Amino acid sequence: MSGRAQLMWDEAVTGYDFGPDHPMDPVRLALTRRLVDAFGLDREVDVVAAKPAGESTLRLVHREDYVEAVKAASVDPGAADASYGLGTMDDPAFAGMHEVSALIAGQSVGAAEAVWHGDALHAVNFAGGLHHAMPGGASGFCIYNDASLAIARLLELGAERVAYVDVDVHHGDGVQAAFWEDPRVLTISLHEHPRTLFPQTGWPEETGASSAEGSAVNVALPAGTGDAGWLRAFHSVVPELVAEFRPQVLVTQHGADTHFEDPLAHLAVSLDAQRAVQVACHDLAHEYADGRWVALGGGGYAVVDVVPRSWTHLVAVAAGRPIDPETVIPESWRQEVFARTRQLAPVRMTDGRWPVSWKGWESGYDPADRLDQAIVATRRAVFPLRGLLP
């Protein structure tokens, strides 16, 4: 197995563009790619452009009629079929939508194949993580569910246990739905509580179908949760479950929209805590999955201040060259940011909260604390189904 990481990248993924007024501005992808390059990480990873996901691959997760609807909207955006979630405010149709969505999906599938075949130990597709798309419809800025497609491809290749950990601020509903009845896939999602945020799913009681009880895990965090609470929740749930499941591959989704600057949600997590979770996911892959790690992007709508730094940290962690949070960002990148966006770029790779700290679950819990109540609800709902003490 190659010890080098792969970075999945094709410049054409920046064509995933819902228009100038949409929060998912593809400049976040371009700026991340440039920051990765500015730090010299291109020399530490193999940059690979995978082919777009083809018909047979897309149908591992998506219904044929839905794929045909995306293709039709891609040719004629004005005739998009809203019954498939296309041409809506969240998912406006645009010319070439099928092609670029399939390209992004292809990068995640290529990442999964590289890791499974041993061509890379880790593979990153920060353009991916489009976790809301359903088998038969678009949802939440997501056309094709590349995370689900990557997992489905791993199963097709012979994987018997794949763990998926999603730390986007929104529930990973599309991935959960795709594998709701499949005990070979453990889906874990930490997200803002469905009472206060789209898609209004991801309650702790959602634990999988009768054929796969305990294979879906949801930690619904109270609005306002910050670094210490977010990390406490992660470490109080994820490591024990991953240890019990012992996946052959770990797939993780790193939406940056948990950040306190994100305009679409209500958690208060810093870049430094996001980096800490990236490192934790890397370590879990090495401890329980022989190092096999597929890391994806996701949401994130503070497109200058947050997303490029967060995902550059992710690439650096995967490359085995983590960037010290206090590192000054290269001036060349900061100049490019201003030229592209007329915004002032951040100066360092930290929010000034490093090192981050939290209290482990073994230290006990406060039954009156809303965060601890959320952790308890998840542990009680899922842990006994997996033979673990709640």
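**The sheet and helix α11**

Tutor: In this predicted model, eight strands form an open sheet with parallel pairing, in the order β2-β1-β3-β8-β7-β4-β5-β6.

Student: Which are the edge strands?

Tutor: The edge strands are β2 (45-48) and β6 (216-221), and each of them pairs on one side only. Neighbouring strands of this sheet are turned by 15° against each other on average, ignoring direction.

Student: How many bridges between β1 and β3?

Tutor: Two bridges, in the parallel sense, between β1 (residues 5-8) and β3 (residues 122-125). L7 has V124 in β3 as its bridge partner.

Student: Which strands does helix α4 touch?

Tutor: Helix α4 (residues 97-117) packs on the sheet and touches β1, β2, β3, β7 (249-253) and β8 (293-296). The direction of α4 makes about 175° with that of β3.

Student: And what does helix α9 lie across?

Tutor: Helix α9 (residues 307-318) lies across β1, β3 and β8, and runs at about 170° to β8.

Student: New topic. Where is R379, and is it buried or exposed?

Tutor: R379 is in helix α11 (residues 370-382). R379 counts as buried because its relative accessibility is 5%, and buried means under 20%.

Student: What does its side chain reach?

Tutor: The side chain of R379 reaches the backbone oxygen of L389 at 3.4 Å. Leaving aside neighbours within four places in sequence, R379 is in contact with several residues, among them S236, E240 and W361.

Student: Why does Q373 count as partly exposed?

Tutor: Q373, in helix α11 too, counts as partly exposed because its relative accessibility is 40%. Leaving aside neighbours within four places in sequence, Q373 is in contact with P367 and A368.

Technical notes: Residues are numbered from 1 along each chain as its sequence is written. This is a predicted model: local features need pLDDT of at least 70, side-chain atom pairs count only at pLDDT 80 or more; totals for chains, interfaces and linings use all residues. Side-chain values use heavy atoms; hydrogens and water are left out. Helices (H or I, at least four residues) and strands (E, at least two) are DSSP runs, numbered from the N terminus. Buried means under 20% relative accessible area, exposed over 50%, partly exposed in between (1.4 Å probe, protein chains only). A polar contact is a pair of N or O atoms within 3.5 Å; within protein, one must be able to donate a hydrogen and the other to accept it, and residues adjacent in sequence count only if both atoms are side-chain atoms. Contact means heavy atoms within 4.5 Å. Two strands pair if DSSP finds at least two bridges between them. Axes are lines fitted to C-alpha atoms, for helices over the stretch in contact, and angles run from 0 to 180 degrees between N-to-C directions.
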